[in-house]
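Below is a set of questions and answers on one structure. Please keep the sequence and coordinates open while reading.

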Amino acid sequence: MKDIVERALHQWGMNGARYKLVASRENAVYEVSDARGRFALRLHRQGYRSDAELRSELAWMAAAAEGGLSVPSPARAVGGEYLAHIDGKQVDVLTWLKGRTLDDALANCAREIRRSLFFALGREMALLHQVSDAWNPPQSFERVHWDRDGLLGRAPLWDRFWENPELTASDRGLSERFRSAASKKLEEIGPALDYGLVHADLVPGNVLVDGNSLRLIDFDDGGFGYRLFDVATALLKHMRKADYSQLQNGLIEGYRSIRPLAVAELDLFLALRAATYVGWNITRMGEADGTARNKGFINLFRSLADKYLRKWRVSASLA
């Protein structure tokens, strides 16, 4: 990878810049420093995104930054392009954003501070949705769709969760019942739900806290989707925390300080988000923490899907 990184630095006019690998799970990300400042150089996972999708992601981030959000902005190579190919690798460079992850910021702090961080996160999420709705993407804009088919169809974006090999027979039955009920519900109410560009991965590691500012990074999975999907993603990994209800209320209030948010179907989207992780982990079972992670994903999905189905059955009986 060293040769690819140094050739990329040459293309971006950064010969001699210092660099170090800071992430390698999905994309390989290098922190680069030169006289102009700090940047993030990304070597994209092969086959995950097309050139059109990556150019669309970069254009979207640039529009969000211009709209006042603190998100990475793409840097042009010497030839004026945002995206390059080096030995079959898609490469781009973004501005570096400082801050500590939301997980770090939440650790060992008072409940009122934790709630205020979620209020701020809800506000930033709403601003992203607002700016995205006001933006006119180029005709060539191409991103994934976290819609009914992308979540529950025959080929979901993050794999067929109902076929995870670690599901018990009972879990598989639950998965199929949930998939059927959720699909019917989205078919019924989908047109009325707020839908547009969403980050789709606002987990704690993709939210940076710098003083009173929150910064959103890693738009790799962003695309078109239900806005409640973003809300569910931001909340899901905190559901077992003692102060979860305060965190949820804080995020919703922060969002509503910018734009409206209907949350009647939040339980559905929490279960949908949990389901995606059960699918996502299917091809990652061989990783060092893959088995333990899989167990946690399945347990959470089981709880949320069962909760949603019980609520759905009551609603159906009253209809």
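Q: In which helix is alanine 63 found?
A: This is a predicted model. The helix in question spans residues 51–66. Alanine 63 is found in helix H2.

Q: Is alanine 63 buried or exposed?
A: The relative accessible area of alanine 63 is 10%. The cut-off for a buried residue is under 20%. Alanine 63 is therefore buried.

Q: Which residues does alanine 63 touch, not counting residues up to four places away in sequence?
A: A contact requires heavy atoms within 4.5 Å. With residues up to four places away in sequence not counted, alanine 63 touches Val131 and Trp135.

Q: How many Å apart in space are alanine 63 and leucine 152, C-alpha to C-alpha?
A: In sequence, alanine 63 and leucine 152 are 89 residues apart. In space, their C-alpha to C-alpha distance is 30 Å.

Q: Are helix H6 and helix H9 oblique or roughly parallel to each other?
A: The axes of H6 (residues 169–189) and H9 (residues 266–280) come within 11 Å and cross at roughly 130°. Angles over 145 degrees count as roughly antiparallel, and 65 to 115 as roughly perpendicular. The crossing of H6 and H9 falls in neither class, so the two helices are oblique.

Q: How many charged residues are there in the contact of H6 with H9?
A: H6 passes H9 in a left-handed crossing. On the H6 side the contact is made by Phe178, Ala182, Lys185 and Leu186, and on the H9 side by Leu268, Phe269, Ala271, Leu272 and Ala275. By class, this contact has 8 nonpolar residues and no polar ones, and the number of charged residues is 1.

Q: Which are the edge strands of the open sheet in the order E7-E11-E8?
A: This sheet has 3 strands, and their pairing is mixed. An edge strand pairs on one side only, which holds for E7 (144–146) and E8 (195–198). The edge strands are E7 and E8.

Q: Which residue in E11 is the bridge partner of tyrosine 195?
A: E8 and E11 (residues 223–226) pair in the antiparallel sense over 4 bridges. The bridge partner of tyrosine 195 in E11 is tyrosine 226.

Q: What is the phi of glycine 211 in the turn of the hairpin formed by E9 and E10?
A: E9 (residues 207–210) and E10 (residues 213–216) pair in the antiparallel sense over 4 bridges, and valine 209 stands opposite leucine 214 in E10. The hairpin has 2 residues between its strands. In the turn, glycine 211 has a positive phi of about 65°.

Definitions and conventions:
Residues are numbered from 1 along each chain as its sequence is written. This is a predicted model: local features need pLDDT of at least 70, side-chain atom pairs count only at pLDDT 80 or more; totals for chains, interfaces and linings use all residues. Side-chain values use heavy atoms; hydrogens and water are left out. Axes are lines fitted to C-alpha atoms, for helices over the stretch in contact, and angles run from 0 to 180 degrees between N-to-C directions. Angles under 35 degrees count as roughly parallel, over 145 as roughly antiparallel, 65 to 115 as roughly perpendicular and the rest as oblique. A crossing is left-handed if the near helix is turned anticlockwise from the far one by less than a right angle, and right-handed if clockwise. Ala, Val, Leu, Ile, Met, Phe, Trp, Tyr, Cys and Pro count as nonpolar, Asp, Glu, Lys and Arg as charged, and the others, Gly among them, as polar. Buried means under 20% relative accessible area, exposed over 50%, partly exposed in between (1.4 Å probe, protein chains only). Two strands pair if DSSP finds at least two bridges between them.
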